Amino acid sequence: SGEATRFVEAALAATLSVTTVDAADPNLTKALATAARFGSGLVVRGVDEAWDPVAHPLLDAQASASKRRPAVRLGNDLVEVSPDFVLVLAARDLAACRSRALLGGRVVVLDFSAPTEG
């Protein structure tokens, strides 16, 4: 839900700079590269509705050796990844993410849903 996402954003903001972007945003690749390079937090909302696999190298930890830090290919760019970088993928429909093989063992899932029966 939006409330759970806001909770995670606030918790991250206590320790680092956080940016929020929609998964369908055409600037997603740039936001990923900037957050990874400078070690900030990035919350991507709506991954159950739209998803660009450009982030898969980050999720799969496909880092190559670099002079200073590990680097991943995001689109056409090789981006050094700060050890402080945090990526949060937010979805309302977890089943939709699983059916698209978005998660597929790549991420840790925190399910903030509450049962309708008590």
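**Exercise 1. Determine how the strands of the open sheet are ordered and which of them stand at the edges.**

*Solution.* In this predicted model, an open sheet is formed by three strands, arranged in the order 1-2-5 with parallel pairing. Strand 1 (18-22) and strand 5 (86-90) each have a single partner strand, so one side of each lacks a neighbour in the sheet and both stand at the edges. On average, neighbouring strands of this sheet are turned by 20 degrees against each other, direction ignored.

The pairing of strand 1 can then be examined. Strand 1 is joined to strand 2 (residues 41-45) by five bridges, and the two run parallel. Within this pair, Val18 stands opposite Gly41 of strand 2. As background, strands of a sheet pair through backbone hydrogen bonds, in either a parallel or an antiparallel manner.

**Exercise 2. Describe how helix 1 and helix 2 are placed with respect to the sheet.**

*Solution.* Begin with helix 1 (residues 2-13), which lies across strand 1, strand 2 and strand 5 and runs at about 170 degrees to strand 2. Helix 2 (residues 28-38) also packs on the sheet, where it touches strand 1, strand 2 and strand 5. The direction of helix 2 makes about 155 degrees with that of strand 2.

Next, identify the residues of helix 2 that are buried: these are Leu28, Ala31, Leu32, Ala33, Ala35 and Ala36. The partners against which the buried residues of helix 2 pack are strand 1, strand 2, helix 3 (56-59), strand 3 (71-74), strand 4 and strand 5. After helix 2 comes Gly39, which has a positive phi near 70 degrees.

**Exercise 3. Locate the salt bridge and explain which parts of the chain the pair ties together.**

*Solution.* The count of salt bridges comes to one. Its partners are the side chains of Glu9 and Arg45, with an N to O distance of 3.0 Å. Because Glu9 belongs to helix 1 and Arg45 to strand 2, the pair ties together parts that are 36 residues apart in sequence. In general, side chains of opposite charge can pair when their charged atoms come close.

The surroundings of the two partners are classified last. Glu9 has a relative accessible area of 14%, which is under the 20% limit, so Glu9 is buried. Arg45, at 27%, is partly exposed.

**Exercise 4. Are Ser82 and Pro83 buried or exposed?**

*Solution.* Both positions must first be placed: Ser82 is found in the loop between strand 4 and strand 5, and Pro83 lies in that loop between strand 4 (77-80) and strand 5. The relative accessibility of Ser82 is 6%, so this residue counts as buried. Pro83, by contrast, is exposed at 72%.

The contacts of Ser82 come next. Leaving out residues up to four places away in sequence, Ser82 touches Ala36, Arg37, Phe38, Gly39 and Arg69. A polar atom of the Ser82 side chain also lies 3.1 Å from the backbone nitrogen of Asp84. For Pro83, the C-alpha to C-alpha distance to Arg37 is 9.2 Å, while the two are 46 residues apart in sequence.

**Exercise 5. Which elements of the protein have the lowest and the highest mean pLDDT?**

*Solution.* For the protein, the mean pLDDT is 81, and 76% of the residues reach 70 or more. Among the elements, helix 4 (residues 94-99) has the lowest mean, 68, and helix 2 the highest, 94. Where pLDDT is low, the predicted coordinates should not be read in detail.

Notes: Residues are numbered from 1 along each chain as its sequence is written. This is a predicted model: local features need pLDDT of at least 70, side-chain atom pairs count only at pLDDT 80 or more; totals for chains, interfaces and linings use all residues. Side-chain values use heavy atoms; hydrogens and water are left out. Two strands pair if DSSP finds at least two bridges between them. Helices (H or I, at least four residues) and strands (E, at least two) are DSSP runs, numbered from the N terminus. Axes are lines fitted to C-alpha atoms, for helices over the stretch in contact, and angles run from 0 to 180 degrees between N-to-C directions. Contact means heavy atoms within 4.5 Å. Buried means under 20% relative accessible area, exposed over 50%, partly exposed in between (1.4 Å probe, protein chains only). A salt bridge is a side-chain nitrogen of Lys or Arg within 4 Å of a carboxyl oxygen of Asp or Glu. pLDDT is the predictor's confidence in each residue, from 0 to 100. A polar contact is a pair of N or O atoms within 3.5 Å; within protein, one must be able to donate a hydrogen and the other to accept it, and residues adjacent in sequence count only if both atoms are side-chain atoms.
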